[in-house]
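This briefing goes through one protein structure, from the whole chain down to single residues. Please keep the sequence and the model open while reading.

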Amino acid sequence: MEQASPPAGSARNRKVVLRDYISRAPREDDMALVDGGAVPLRVPEGAAGPAVLVKNLYLSCDPYMRGRMRDFHGSYIPPFKPGSVIEGLGVARVVDSTHPGFVAGDIVSGMTGWEEYSLIDKPEQLNKIQQSDIPLSYHLGLLGMPGFTAYVGFYEICSPKKGEFVFVSAASGAVGQIVGQLAKLHGCYVVGSAGTNQKVELLKDKFGFDEAFNYKEEPDLTAALKRYFPEGIDIYFENVGGPMLDAVLLNMRMHGRIAVCGMVSQHGMTDPSGIHNLFCLVPKRISMKGFIQSDYIKLFSQFVDYITKHYKDGKIEYVEDMSIGLENAPAAFVGLFSGKNVGKQVVCVSQE
């Protein structure tokens, strides 16, 4: 049966909600596409404070969102609420605003809902995008949180020196592809790992990695790393955890640095596997540090200027994997955890 048209001055609002908390790898049926009814295309009168109504254009699929599907309140970001719309980073167009910093037609990036229209009640957390020849969706990756994560992790955590040996896991992903290119620009030797031969070729042919390998084809990860790093690893940008981290620890050089960005191999485990070779930190004087990009937000404008310049100069390449339609957002997100995406996973909700 066809749905009735929404009243004048309003629009139908489909949204993706979380059905319930999970303690395993996410599945598509953990989320549901629902009809949120008609939404007025105005900020409601009597709102508690300034607010912005946006039409979502692009949504970002990021591994950290898996953690928000757990009934766990001890993280740096609270869990989603079952039955409520999923939240994530997005690029949107302002439809109406009662905040003096935004007007209808502005393009913004920031935290929004997985829905067609969102009311943002903390508009001070939005970033206004100055439109240029760079695609808007790139503000969710290259010029967004993943790119900033790469920038902060490599320069602030790894403290690189020219000529050092750098290893990046999950290297074709949204963060890894940028880390590797930053390392090459810095004059480092760079090797990346990925889960398909297509991604391995992408690392070498498009992103300029010196070498790359398919970890699924390596029965002995310690030996594989020894083959690519006969003199050892100075910097490891950690995205996967598990056996790869154990193998890296055995191959680190004296005074090596490990930036712990994520551990995607452990996301779906109720009993995560332990690390056996942590003692290597002691004799090799290795520094191993976890980080969250938002702790370095004062560097964001510096990061945007730096990456924009190198991208426009053709010194940084970028690959994104675009799914079309809000209805395909759950599948796009779930695909992150089996490596289906090639590059940064984005969902296009609307191009209007």
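Strands, marked E, are DSSP runs of at least two residues, numbered from the N terminus. In that numbering, strand E12 covers residues 252-260 and holds Arg257. The model is predicted. The protein has eight helices and 15 strands.

**Overall form**

- The radius of gyration of the protein is 21 Å, which agrees with the value near 20 Å for a compact globule of 352 residues.
- Along the principal axes, the C-alpha atoms of the protein fill a box of roughly 70 × 45 × 35 Å.
- Among contacts with a separation of 6 or more, 68% are between residues 24 or more positions apart.

**Surface and charge**

- Buried residues make up 52% of the 352 in the protein.
- The exposed area of the protein is about 16,200 Å², and 52% of it comes from carbon and sulfur atoms.
- There are 35 positive and 39 negative side chains in the protein, and the centres of these two sets lie 4 Å apart.

**Arg257 in strand E12**

- Arg257 has a relative accessible area of 11% and is therefore buried, since the cut-off for buried is under 20%.
- The side chain of Arg257 comes to 3.3 Å from the backbone oxygen of His255.
- Leaving out residues up to four places away in sequence, Arg257 touches a set of residues that includes Ile157, Cys158, Ser159, Pro160, Lys161 and Glu164.
- Asp234, Ile235, Tyr236, Met252 and Ser287 are also among the residues that Arg257 touches.

**Helix H2 and the residue after it**

- Helix H2 spans residues 145-157 and is mostly covered, with 11 of its 13 residues buried.
- The buried residues of H2 include Met145, Pro146, Phe148, Tyr151, Phe154 and Ile157.
- Ile157, one of the buried residues of H2, is also one of the residues that Arg257 touches.
- Ser159, just after H2, takes a positive phi of about 45°, and Ser159 is another of the residues touched by Arg257.

**Glu115 in a loop**

- Glu115 sits in the loop between strand E5 (107-113) and strand E6 (117-120).
- Is Glu115 buried or exposed? Its relative accessibility is 8%, so Glu115 counts as buried.
- A polar contact of 2.7 Å joins the side chain of Glu115 to the side chain of Ser118.
- Not counting residues up to four places away in sequence, Glu115 touches Asn13, Arg14, Lys15, Asn56, Val85, Leu326 and Val349.

**Strand E1 and the loop after it**

- Ser10 belongs to strand E1, and with a relative accessible area of 15% Ser10 is buried.
- Ser10 and Ala38 are 28 residues apart along the chain, and their C-alpha atoms are separated by 6.0 Å.
- Beyond residues up to four places away in sequence, Ser10 touches Ala38, Val39, Pro40 and Leu41.
- Asp20 is in the loop between strand E1 (10-18) and strand E2 (31-40).
- Asp20 has a relative accessible area of 47% and is partly exposed.
- Apart from neighbours within four places in sequence, Asp20 is in contact with Asp30 and Pro82.
- What is the C-alpha to C-alpha distance between Asp20 and Gly208, 188 residues apart in sequence? Asp20 and Gly208 are 42 Å apart in space.

Conventions
Residues numbered from 1 in each chain as written. Predicted model: local features only at pLDDT ≥ 70, side-chain atom pairs only at ≥ 80, totals over all residues. Heavy atoms only, no water. Helix = DSSP H or I, 4+ residues; strand = E, 2+ residues; numbered from the N terminus. Rg over C-alpha atoms; globule rule 2.2 N^0.38 Å. Buried < 20%, exposed > 50% of the residue type's maximum accessible area, 1.4 Å probe, protein only. Contact = heavy atoms within 4.5 Å. Areas by Shrake-Rupley, 256 points an atom, 1.4 Å probe, with all protein chains shown as cover. Lys, Arg positive; Asp, Glu negative; His and termini not counted. Charge placed at Lys NZ, Arg CZ, Asp CG, Glu CD. Polar contact = N/O pair within 3.5 Å; in protein donor to acceptor, adjacent residues only side chain to side chain.
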